[in-house]
Structure formats: C-alpha cells, structure tokens
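Hello,

Here is the structure I said I would pass on. My notes on it follow below.

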Amino acid sequence: MDDTTKVLLRAARGEAVPHTPVWFMRQAGRSLPEYRELRAGIGMLESCRRPDLVTEITLQPVRRHGVDAAILFSDIVVPLQAAGVDLDIVAGTGPVVAHPVRTMADVEAIRPLEPEAVEFVAEAVRGLQRELGQTALIGFAGAPFTLASYLVEGGPSKHHVLTKALMLGAPDVWHALCTRLADITRTFLRVQVDAGVDAIQLFDSWAGALSEADYRRSVLPHSASVLRSLPEVPRIHFGVGTAELLAAMSEAGADVVGVDWRTPLDVAAGRVPGKAVQGNLDPAVLFAPWEVVEQEARRVLAEGAKAPGHIFNLGHGVLPETDPDVLTRLVELIHTA
Ligand code: CP3
C-alpha cells in the first residue's frame, strides 16, 4: 500500500487505516463564525462563483477541526444555475426556482451544462489541491431525484407531492427531466474530477421519501448513469431516511454508502455487502453533554468496524447552532479512539 494515500481514500477502498477518517457533511459554513464573517453581505450563489471565497470557506473547517476531508464549498443547485435555470438560494429557506418544471416543454427548456460555465469550480479545486496536503478533497453534486424535487416543487418541500405526481403520472416527462439532470450532474462532477478532487459524493438527500419499488423504477437508472461515468475516484452515495434503499443505492454504483442515524452501521453494512459505509452520528447528539457524545461516537465506531471500511461522519449535515468546539473535540476522539 502506498503510504501517501490519503486515509479517507484507503477507508473508501476498504484498505487498512492508521485511524478512522472523519469529516462532517455541511462542515463548511453554518456553524463557523469565521464563515459568517466572510459571507457578510455576499449572496450564497455569488460566493459559490468566487474561487477565492470557495477556497477559503472550504479550508476553514480543515484548519479548525483537523478533519480528514474538505468538502468543496458549493451547492447542489450551482450547476443548474450555470446551465441557465433561473433560481436563487434564499437564506434560511433554501433553493427557490422562478419557473417550476411541470411539462415536457419546461423540461425541453433545460439546457445542458457547458463545462466552461463552471470553470470557477475547476479553478477553486486546483487552488485547494495546492493547499490540502494529506487532506482529501471531496467534490459533490445533487442526484437527479433531489434536483428534480427542487425544480418541480419550485423550492423546498416536505412531502414531494408534485414531484411524485409527475413521476407516477407522467413517466415520459419524468424520465426526460431526470435524463437532462443526470447529464448536467455528470458534467459538473466530471469538471471536478478532471480538476483534481479525490472523491465525489452524490447527494440524493430526499430519496428516502420513496418506496424501494419507485426508487428502483424511476430513480436508480438515472443515478447509476451518473455514478458509472466516474470510475476513477471513490464514489459516496448518500440520502436521508434510506434504510430500505441502502442496497439499491449501493447497486447504483457507489463505493461507499452514506447512512443516516436511523440505521446502525452494522445493520447497514449487512445490506451493502462488500461496500464501505459513511456515517452516522445523529447531528442532534452534539447538543447533549460531552459524555453522551463520546459514548454515541464510540458506538458508531464499533458498529462501523463491521463494514469493510468506515468513514466517520454525522447522519446528516451539521446543524447551524452546533458548537464548533464540540466538532473539534469529536475529531480528536475519532483520531485517537
Ligand atoms: O460543508 C458543506 O457541506 C459544503 C457545502 C454545501 C452546501 N450545500 C452549502 C450551503 C453542500 C455539500 C450542500 C449540499 C446541499 N444543498 C444539499 C445536500 C446535502 C443535505 O444537506 O442533504 C441540499 C439538499 C442542498 C440544497 C440547499 N441549499 C438547502 C436545503 C439550503 C438551505 C438550508 C439551510 O440550512 O440554510 C441550501 C443553502 C446552503 N447551501 C447554505 C450553505 C452554506 C446556506 C446558505 C445561506 O443561506 O447563507
């Protein structure tokens, strides 16, 4: 084994590791005061388009917590905007789409993503790799279903009613939409891989809203067409509430399956034989006394040890009110446990 291989990549491939690698979804931004200071007066999407800001915000949690991976500061809707979709990210709400996508004509108006339109991402990745040393850089994108949900609903949604109605009631429109979104996502991830990210994570955050049958029929083929196009780097595939979808999500082509806090990692490992797992401390546990955090983190480590590889993470993103010092202490614990 090459000694210089980054620890996160070894765990992703199921190789021996000197310590369990750890990073946190949504570690960039949110809970960090230095992030809020840097972002003051600058819109979210504007900050994603500025390589100097992307680089600095991506590095902030690495410096502070000593995590094993940086996640590129961006958002799942960045490639959609770069492809010409009229949308914004509203603080405290999330992505809001000016003209929701409901018909074949709406779908046909979605243009492909030209790689040059996200050159700012490539520039940030190249700059980051000069700074990161042994810390892995994770690129990411939203999966077709989760992106489609924002486009069809027009914004965040609890029950994804319009999305499911389109998926079930107009499968031709649905597949045409997901085909275009998969194409945009492939291009966005290809730009990141070509610029030098070490691994990628495909966020299908809201896939857990679906039954396994609907997931397999209407979503899996599109996510698979994204994941299969990137064989050179480890691929992490994550969603929330996906206990019943873990096997299907791993079949879509993942090397590592991300698991939320509802499913113990040893149970998850049994559902995705041969794959590494990522997760899965409940982000709310970080608000309990340290003794509880430590006990829960040790449980997650013990359960994760049942998989061929384990990347420690939360079961979903860092909550905005989280005390950053608890995250730092947690990284120390994972590295020395
Ligand atoms: O640290 C990191 O994880 C890197 C950056 C990152 C952001 N968004 C920055 C962001 C990543 C990986 C994402 C992914 C993302 N974006 C997902 C998948 C991950 C998940 O949490 O399930 C989803 C569903 C989105 C869509 C999105 N963007 C939402 C729902 C929101 C609002 C939620 C909120 O907490 O405000 C955003 C906005 C967003 N993306 C912010 C950040 C730092 C907040 C921006 C602001 O309002 O200033």
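**The ligand and its surroundings**

The ligand takes up the space of the largest pocket. Please keep in mind that this is a predicted model, and that the values in this email are computed.

The shell around the ligand is made of 24 residues. Ala28, Arg30, Asp75, Ser205 and His316 are the closest of them. Sorted by class, the shell holds 14 nonpolar residues, 6 polar ones and 4 charged ones. Two elements that each give at least two residues to this shell are helix 2 (33-39) and strand 3 (94-97).

Three contacts with the ligand can be looked up in the viewer. Asp75 places a polar side-chain atom 2.7 Å from a nitrogen atom of the ligand. In Arg39, an N or O atom of the side chain is 2.9 Å from an oxygen atom of the ligand. With Arg26 the backbone takes part: one of its polar backbone atoms is 2.8 Å from an oxygen atom of the ligand. How much of the ligand does the protein bury? On its own the ligand exposes 870 Å², and 90% of that is buried by the protein.

**Two points in the backbone**

Arg26 deserves a second look. This residue sits in the loop between helix 1 (7-12) and helix 2. Its phi is near 60°, which is a positive value in a residue that is not glycine. So the list for Arg26 has two entries: the positive phi and the backbone contact with the ligand.

The other point is a peptide bond. Between Gly279 and Asn280 the bond is cis, and its omega is near -10°. Asn280 belongs to strand 8, which covers residues 276-281.

**Salt bridges**

Side chains with opposite charges can pair when their charged atoms come close. How many salt bridges does the structure hold? The count is 17. One example is the pair of Glu251 and Arg216, where the closest N and O atoms are 2.8 Å apart. Glu251 is part of helix 13 (residues 246-251) and Arg216 is part of helix 11 (residues 212-218), so this salt bridge ties together parts that lie 35 residues apart in sequence.

If you open the model, you could begin with Asp75 and the ligand, then go to Arg26 in its loop, and end with the pair of Glu251 and Arg216.

Regards

Technical notes
Residues numbered from 1 in each chain as written. Predicted model: local features only at pLDDT ≥ 70, side-chain atom pairs only at ≥ 80, totals over all residues. Heavy atoms only, no water. Near = heavy atom within 4 Å. Polar contact = N/O pair within 3.5 Å; in protein donor to acceptor, adjacent residues only side chain to side chain. Areas by Shrake-Rupley, 256 points an atom, 1.4 Å probe, with all protein chains shown as cover. 1 Å grid on protein atoms, 1.4 Å probe; cavity = no way out; pocket = protein on both sides within 12 Å on 5 of 7 lines; lining within 4 Å. Sits in = over half its atoms within 2 Å of the grid points. Helix = DSSP H or I, 4+ residues; strand = E, 2+ residues; numbered from the N terminus. Nonpolar A, V, L, I, M, F, W, Y, C, P; charged D, E, K, R; others polar. Salt bridge = Lys/Arg side-chain N within 4 Å of Asp/Glu carboxyl O.
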